[in-house]
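Visitor: I would like a close look at a single part of this protein, the buried interior. Please take me through it step by step.

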Amino acid sequence: MSLPDSQQASNTSDEGVTRALARYLVTSRPGDLPENVRAHGICSFVNWLGCAVGGSRHPAVDIAYAALSPFAGAEQAALLGRNTRTDIITAALLNGIASHVFDFDDTHLKTVIHPAGPVASAIMALSEFRGISGADFIHALVLGIETECRIGNAVYPDHYDIGWHITGTAGVFGAAAAVGKLLALDEQQMVWALGLAASQPVGLREMFGTMTKSFHPGRAAQNGLTAALLAAKGYTSSEQGIEAKRGWANVTSTHRNLAEITGGLGERHESLLNTFKPFACGIVIHPVIDGCIQLRSEYALQADEIDSIELRVHPLVLELTGKRTPKTGLDGKFSVYHSAAVAVIQGRAGEAQYSDASVRDEHTIGLRDRVNAVIDPSLDSDAAHIVIRLHNGQRLEKHVDHAIGSAAKPMTRQDLNTKFTDLVAPILGQDRAAILLRACWDVESCRNMAELSAMTQEGGR
């Protein structure tokens with residue numbers, strides 16, 4: 001049960017949530033992070049960079065670059081996966097768009113935040129301008145992920161339920177915190193940076209299935225970067241930007257628990273709960289895809305054998321991914337019906353299965369029309385029940401308690417390597433993709449992250 005707001009406030013420090021968080025951020029040292037937290041931060045970086053390079057040639061990035069490049073500033077930072085440079089503010093936006101446009105990035109399952117996109121896109125751009133070491137980069141990345149996930153915990157699910165896309169609205173705090181750390185902001189400046197971030201929430205769930213969904217983490221990266229840069233020069237804000245009566249938490253959510261933000265800072269690590277997607281679509285569909293692929297493999301299923309596919313799913317599945325007749329690849333990422341069909345037909349649900357051509361394929365549509373889904377409130381969010389009925393009367397059944405890629409069944413390092421290569425090799429070629437992957441795993445030894453960023457442009461257009 002949620003505490004009344006007055007009780008929630010009394011359980012936080014007298015100095016205020018925003019200042020307590022700022023103090024933690026500015027005093028944190030790389031050595032304070034446990035080894036497993038740092039190692040998981042590297043996994044988050046590998047996954048993010050693979051997605052960003054892989055998505056770098058998507059039409060959403062092409063359009064955004066064409067729209068904004070005439071007004072861009074000095075060539076300070078790379079557009080990952082492209083032979084193009086731009087100012088760091090624009091780079092943060094465009095790389096953030098690229099990292100999320102496939103909907104293949106990471107997920108903090110407690111809040112459905114995609115944490116790395118806003119944070120890494122901001123600090124990767126800054127690192128080229130400032131000369132940041134890999135060790136400092138990973139430290140800032142982990143702090144940024146921790147910040148946005150804790151703030152997300154404080155308002156989820158009510159904030160999400162009323163229509164905010166929490167990756168954008170909470171991600172801006174992660175970006176501001178991480179950039180602020182790399183800029184060596186003092187406590188007061190970090191308070192201002194968080195306050196400036198609080199004034200820039202972005203993202204509506206209405207935009208899911210369109211290019212604008214990927215705009216949200218890109219803008220969060222850009223806004224968080226801007227917040228920290230302004231604060232570094234003394235640009236002031238409220239000192240209770242998160243917790244005040246008319247601050248971020250109260251304005252954007254019907255309920256909140258501010259203790260989630262500061263409780264156990266440095267002891268309980270939300271960043272360890274970050275997970276990585278094996279499928280390029282909305283996370284809530286993953287249990288269905290997992291189960292359908294298992295049944296396909298076990299019974300060597302062919303689509304023309306199938307009379308119907310019956311799904312029992314968590315309530316969020318139909319709320320978020322109930323598009324019965326998707327028209328585009330981006331639409332298909334939010335269709336549990338399309339996802340079940342391609343999982344059975346192709347045994348995969350990578351980016352190729354969410355192309356415009358795949359969504360419009362007549363064979364896929366034929367099976368998609370035989371998929372039905374009903375809500376089962378007793379199911380956990382990473383569970384699903386699948387029943388496939390064949391024309392011969394046979395009934396095939398699979399219950400998925402935890403989908404692959406969830407916290408209970410995480411992707412392995414080899415899984416991440418394969419995913420990275422599948423995304424990056426079409427852009428850079430196999431050899432350069434392999435070199436970049438090795439550099440990513442060894443990121444803490446990198447003396448200047450600009451060198452790693454430059455590696456993503458070799459072989460680009």
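Guide: In this predicted model, 59% of the 461 residues of the protein chain count as buried. The chain's secondary structure comes to 22 helices and 8 strands. A compact globule of 461 residues would have a radius of gyration near 23 Å, and the chain has 22 Å, so the two agree. Along the principal axes, the C-alpha atoms fill a box of roughly 70 × 55 × 40 Å. Many contacts link distant stretches of the sequence: among those between residues at least 6 apart, 77% join residues at least 24 apart.

Now to the interior itself. The largest nonpolar core has 146 residues. Phe-45, Leu-49, Leu-311, Ile-388 and Leu-452 are the residues with the most contacts inside this core. The helix that gives the most to the core is α7, residues 134-155, with 11 residues.

Take Leu-452 as a place to stop. Leaving aside residues up to four places away in sequence, Leu-452 touches Phe-45, Leu-49, Met-124, Leu-436, Ala-439, Cys-440, Val-443 and Cys-446. Two of these partners, Phe-45 and Leu-49, are also on the list of residues with the most contacts in the core.

Another partner, Met-124, leads to helix α6, which covers residues 116-130. The helix is mostly covered, with 13 of its 15 residues buried. From first C-alpha to last, α6 reaches 20 Å, close to the 21 Å expected at 1.5 Å a residue. After α6 comes Gly-131, whose phi is positive, near 75 degrees.

Two further partners of Leu-452 are cysteines, Cys-440 and Cys-446. A disulfide is a covalent bond between the sulfur atoms of two cysteines. The sulfur of Cys-440 has its closest cysteine sulfur in Cys-446, but the distance is 9.6 Å and a disulfide needs the sulfur atoms within 2.5 Å, so the pair is too far apart for a bond. Cys-440 is buried, with a relative accessible area of 0%. Cys-292 is likewise buried, at 0%. The closest cysteine sulfur to that of Cys-292 is in Cys-281, 11 Å away, which is too far for a bond. The structure as a whole holds 0 disulfides.

For contrast, consider Ala-244, in the loop between α11 (212-232) and α12 (248-252). Ala-244 has a relative accessible area of 25%; buried means under 20% and exposed over 50%, so this residue counts as partly exposed. The C-alpha atoms of Ala-244 and Gly-16 are separated by 8.8 Å, although the two residues are 228 apart along the chain.

Key. Residues are numbered from 1 along each chain as its sequence is written. This is a predicted model: local features need pLDDT of at least 70, side-chain atom pairs count only at pLDDT 80 or more; totals for chains, interfaces and linings use all residues. Side-chain values use heavy atoms; hydrogens and water are left out. Helices (H or I, at least four residues) and strands (E, at least two) are DSSP runs, numbered from the N terminus. The expected span of a helix is 1.5 Å times one less than its number of residues. Buried means under 20% relative accessible area, exposed over 50%, partly exposed in between (1.4 Å probe, protein chains only). A nonpolar core is a set of buried Ala, Val, Leu, Ile, Met, Phe, Trp, Tyr and Cys residues joined through side-chain atoms within 4.5 Å. Contact means heavy atoms within 4.5 Å. The radius of gyration is taken over C-alpha atoms; the globule rule is 2.2 Å times the number of residues to the power 0.38.
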